[in-house]
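Work through the exercises below with the sequence and the structure at hand. Try each task before reading its solution.

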Protein chains: 2
Amino acid sequence: MALDSRKKQVLNAIVDDYVSTYEPVGSKSLIERHNFTVSSATLRNEMAELERMGLIEKPHTSAGRIPSDKGYREYVDSLLRYDDLSDSERNDIENRISGSVNDITDLIRTATDTLSERTGFVSLYMSPRLHKSFLKQLKMLMIEPGKALVVIVLSAGVVRDKVVRIPNFLTGEQIMQISDSVEQNLTGKPLDEITLVTVASSMKAADIPDAMMNQIVYEAYTAIKQADSLNIYLEGENKMLQLPDFGELTKARNLLDSLSNDGMVAGYVNELHPIDDVNDDSFMIRIGQEITLDGLQDCSFITTTYKIGDDISGNIGVIGPKRMEYQKVISQINFVRKTLNDKIKKLTE
Amino acid sequence: MALDSRKKQVLNAIVDDYVSTYEPVGSKSLIERHNFTVSSATLRNEMAELERMGLIEKPHTSAGRIPSDKGYREYVDSLLRYDDLSDSERNDIENRISGSVNDITDLIRTATDTLSERTGFVSLYMSPRLHKSFLKQLKMLMIEPGKALVVIVLSAGVVRDKVVRIPNFLTGEQIMQISDSVEQNLTGKPLDEITLVTVASSMKAADIPDAMMNQIVYEAYTAIKQADSLNIYLEGENKMLQLPDFGELTKARNLLDSLSNDGMVAGYVNELHPIDDVNDDSFMIRIGQEITLDGLQDCSFITTTYKIGDDISGNIGVIGPKRMEYQKVISQINFVRKTLNDKIKKLTE
DNA sequence: GGTTAGCACTCTTGTCGCCCGAGTGCTAAC
DNA sequence: GTTAGCACTCGGGCGACAAGAGTGCTAACC
């Protein structure tokens with residue numbers, strides 16, 4: 001299992017060549033492209049060994065080798081992750097993200113778009129996990145008889161709203177009154193401590209029949225909970241069609257079909273980042289068969305975490321072909337994450 | 001130019017066959033599939049004539065004929081548009097759309113999704129053109145110093161909001177005061193009569209320095225105007241990859257690239273429906289080269305109008321391959337539109 | 001004059017055989 | 001342990017060939 005340094009070198013060279021040429025790499029071309037001090041025959045022996053170890057494989061008998069998923073894994077694990085970007089790259093990213101300054105969601109989306117643009121792959125963000133954020137304001141506005149708008153302002157400046165149904169006979173006055181009492185009692189509470197019961201008890205002030213009250217409680221509750229629902233945003237799906245990796249129509253279809261199932265992808269990314277630790281800045285990398293999500297076995301997931309304040313985090317990352325320049329992509333994500341965190345900090349203080 | 005009835009019959013038969021088989025249709029197979037009372041040789045003569053008229057063409061010398069764009073056009077124009085759907089189809093559509101009952105936007109989106117699902121093509125809706133709708137409510141909520149949420153309720157129950165920047169020192173009280181005065185003065189006004197000037201004059205009540213005031217006026221104004229911006233929603237892009245029409249990768253790419261340019265498509269659809277007549281229930285059909293939108297020349301656009309109340313309308317429709325069952329698709333759109341209009345009516349009264 | 005049978009012609013599609021080149025594994029020598 | 005050499009394998013490209021579908025045209029028919 002332990003790779004001696006030459007095997008490592010050979011593996012890395014194979015991955016590098018394959019990534020840049022998309023052609024199985026043979027012993028001879030390996031010699032030509034890299035300064036190996038040994039002959040192609042020796043490399044052939046090494047390659048046979050690497051194949052026996054399951055790190056590379058042949059598409060057919062008389063072809064060169066391509067990395068297996070395990071090979072990519074070995075390669076990726078041996079990377080120095082945080083390659084420096086050039087100044088111009090940094091500037092580009094920073095300028096791009098600085099462009100949108102209003103809303104925190106805009107900011108995250110812009111960062112994600114930047115990522116897709118710069119890598120040429122699909123990028124994604126997960127909406128921030130807000131269960132630890134606390135309620136700052138809650139207003140209910142009467143829109144018309146039977147309908148109200150619930151506006152929720154959370155810590156860190158996240159704003160959500162929802163149109164809800166209310167009993168027909170309620171007046172704007174009464175709604176305001178209810179809304180005020182809820183706000184007064186729930187402000188400062190983290191979302192995950194807000195339950196149907198706490199909402200109900202926060203409302204008991206008004207003099208409205210119980211049955212009606214229950215409806216309002218329920219609507220307000222769902223409006224609040226909806227603010228914490230998990231959303232994913234994907235950008236750049238079409239770009240993947242430009243890649244030779246998805247040059248076969250069936251593969252392209254497969255990929256786009258799988259990606260169009262937002263919910264599944266969101267669930268998977270969520271699983272990848274289970275620990276709710278805002279300061280965890282590790283990268284999650286899943287390659288090919290490692291991905292337990294139907295139809296994306298020709299891809300790699302690379303995701304990491306952004307944060308809002310001290311309690312709230314979400315994820316951002318890239319879905320690309322297995323055959324990607326991992327070092328570069330990781331560096332990009334890393335710098336985008338850093339820039340994004342900075343901008344969020346500036347925006348929320 | 002005038003087609004005698006047999007030529008018409010031949011053309012229709014060719015289109016029908018080509019649509020269902022995606023193969024150039026020859027004189028012999030035409031005889032086999034349809035009850036022509038003449039021989040294949042006669043049909044060959046007719047077909048030669050149709051080709052001379054530019055209605056059909058040959059991919060190459062020894063192949064059958066396929067309809068040209070002009071041929072499709074002739075075919076479509078001769079259709080009895082509103083084919084009845086089967087009861088089960090109607091029920092399916094109605095149930096699907098009845099499922100979403102809360103928000104008017106949800107309703108329209110569901111109708112659009114239904115359209116894509118049932119046709120297997122891309123469906124779209126344009127957000128309602130709201131310039132004739134009038135302001136029912138406008139509230140500004142202080143979120144934190146320097147930031148407010150503008151909530152706008154329009155006639156027909158459309159709700160929009162936007163986070164805006166405000167001068168830092170303004171208090172919640174002052175914001176409320178401003179918001180109330182604006183609301184009082186602008187309520188009942190159609191959006192297209194609201195200008196920077198009317199907003200400004202509606203606000204003069206409060207005692208705030210002019211320079212500050214200008215900022216608020218501007219922000220409120222853009223929030224209002226943004227409510228009227230033209231949006232498009234596309235659904236089912238990936239489904240197009242299942243069609244043989246886009247079986248070549250370059251075509252598939254082209255299509256998806258073009259469709260991903262939302263703004264262009266929105267602009268085009270908007271051009272197709274220039275007259276702001278809510279009761280106009282005509283269909284706009286654009287086929288192949290008729291489409292003046294880069295990269296969609298293998299497609300057909302079929303769009304029509306839905307309405308909200310007496311003044312507000314938007315568009316809904318389908319983008320599919322030229323080679324589609326026009327009669328069926330048009331019928332589907334027609335019934336979806338009808339169902340949607342009904343549901344909207346119920347929701348808004 | 002419109003219609004039809006017949007026929008020569010065209011062009012695509014699929015298949016088969018062939019060769020070339022790149023790459024491999026193995027052996028024997030260094 | 002390394003290397004040169006060699007026989008072997010396999011995919012891709014190319015041309016030849018046959019089959020099949022369709023056409024246009026001509027000459028005969030009603």
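The exercises treat the DNA strands, then the sheets, then one loop residue in each chain.

The model is predicted, so local features need pLDDT of at least 70 and side-chain atom pairs count only at pLDDT 80 or more, while totals for chains, interfaces and linings use all residues. Residues are numbered from 1 along each chain as its sequence is written, chains are lettered from A and ligands numbered from 1 in the order in which they are written, and side-chain values use heavy atoms, with hydrogens and water left out.

**Exercise 1. Describe the protein surface near DNA strand C.**

Step 1. Find the residues near the strand, that is, those with a heavy atom within 4 Å of it. DNA strand C is surrounded by 21 residues, and the closest are A:Ser27, B:Ser39, B:Thr42, B:Thr61 and B:Ser62. Of the atoms of DNA strand C that come within 4 Å of the protein, 75% belong to sugar and phosphate.

Step 2. Look for polar contacts (a pair of N or O atoms within 3.5 Å; within protein, one must be able to donate a hydrogen and the other to accept it, and residues adjacent in sequence count only if both atoms are side-chain atoms). Phosphate oxygens of DNA strand C lie 2.9 Å from a polar side-chain atom of A:Ser27, 3.0 Å from one of A:Arg65 and 3.3 Å from one of B:Thr61.

Step 3. Assign the residues to elements; helices (H or I, at least four residues) and strands (E, at least two) are DSSP runs, numbered from the N terminus. Helix H3 (40-52) of chain A and helix H3 (40-52) of chain B are the elements that give two or more residues to this surface. H3(B) gives the most, with 4 residues.

Step 4. Sort the residues by class: Ala, Val, Leu, Ile, Met, Phe, Trp, Tyr, Cys and Pro count as nonpolar, Asp, Glu, Lys and Arg as charged, and the others, Gly among them, as polar. The surface near DNA strand C has 4 nonpolar, 12 polar and 5 charged residues.

**Exercise 2. Repeat the analysis for DNA strand D.**

Step 1. Here 22 residues surround DNA strand D, the closest being A:Ser39, A:Thr42, A:Thr61, A:Ser62 and B:Ser27. Sugar or phosphate holds 79% of the atoms of DNA strand D within 4 Å of the protein, and bases hold the rest.

Step 2. A phosphate oxygen of DNA strand D lies 2.9 Å from a backbone N or O atom of A:Ser39. For B:Ser27, a side-chain N or O atom is 2.9 Å from a phosphate oxygen of DNA strand D. A polar backbone atom of B:Ser62 is 3.4 Å from a sugar or linking oxygen of DNA strand D.

Step 3. H3 of chain A and both H2 and H3 of chain B each supply at least two residues of the surface near DNA strand D. H3(A) gives the most, with 4 residues. By class, the surface near DNA strand D has 4 nonpolar, 13 polar and 5 charged residues.

**Exercise 3. Which strands stand at the edges of the E4-E5-E6 sheet of chain A?**

Step 1. Set out the order, counting two strands as paired if DSSP finds at least two bridges between them. The open sheet has 3 strands in the order E4-E5-E6 of chain A, with antiparallel pairing.

Step 2. Strand E4 (135-144) and strand E6 (159-165) of chain A each have a single partner strand, so they stand at the edges, with one side of each left without a neighbour in the sheet.

Step 3. Check one pair. Strand E5 (residues 147-154) of chain A is joined to E6(A) by 7 bridges, and A:Leu149 has A:Val163 as its bridge partner there.

**Exercise 4. Describe how the side chains of strand E8 (residues 284-287) of chain A are placed.**

Step 1. In a regular strand the side chains alternate between the two faces of the sheet.

Step 2. In E8(A), A:Ile285 and A:Ile287 point to one face and are buried, whereas A:Met284 and A:Arg286 point to the other and are not. Buried means under 20% relative accessible area, exposed over 50%, and partly exposed in between (1.4 Å probe, protein chains only).

**Exercise 5. Where is A:Tyr22 found, and where does B:Tyr22 lie?**

Step 1. A:Tyr22 is in the loop between helix H1 (5-21) and helix H2 (27-33) of chain A, and B:Tyr22 is in the loop between helix H1 (5-21) and helix H2 (27-33) of chain B.

Step 2. Most residues other than glycine have a negative phi. A:Tyr22 has a positive phi of about 60°, and phi of B:Tyr22 is near 60°.

Step 3. A:Tyr22 is partly exposed, with a relative accessible area of 31%; B:Tyr22 is partly exposed too, at 29%.
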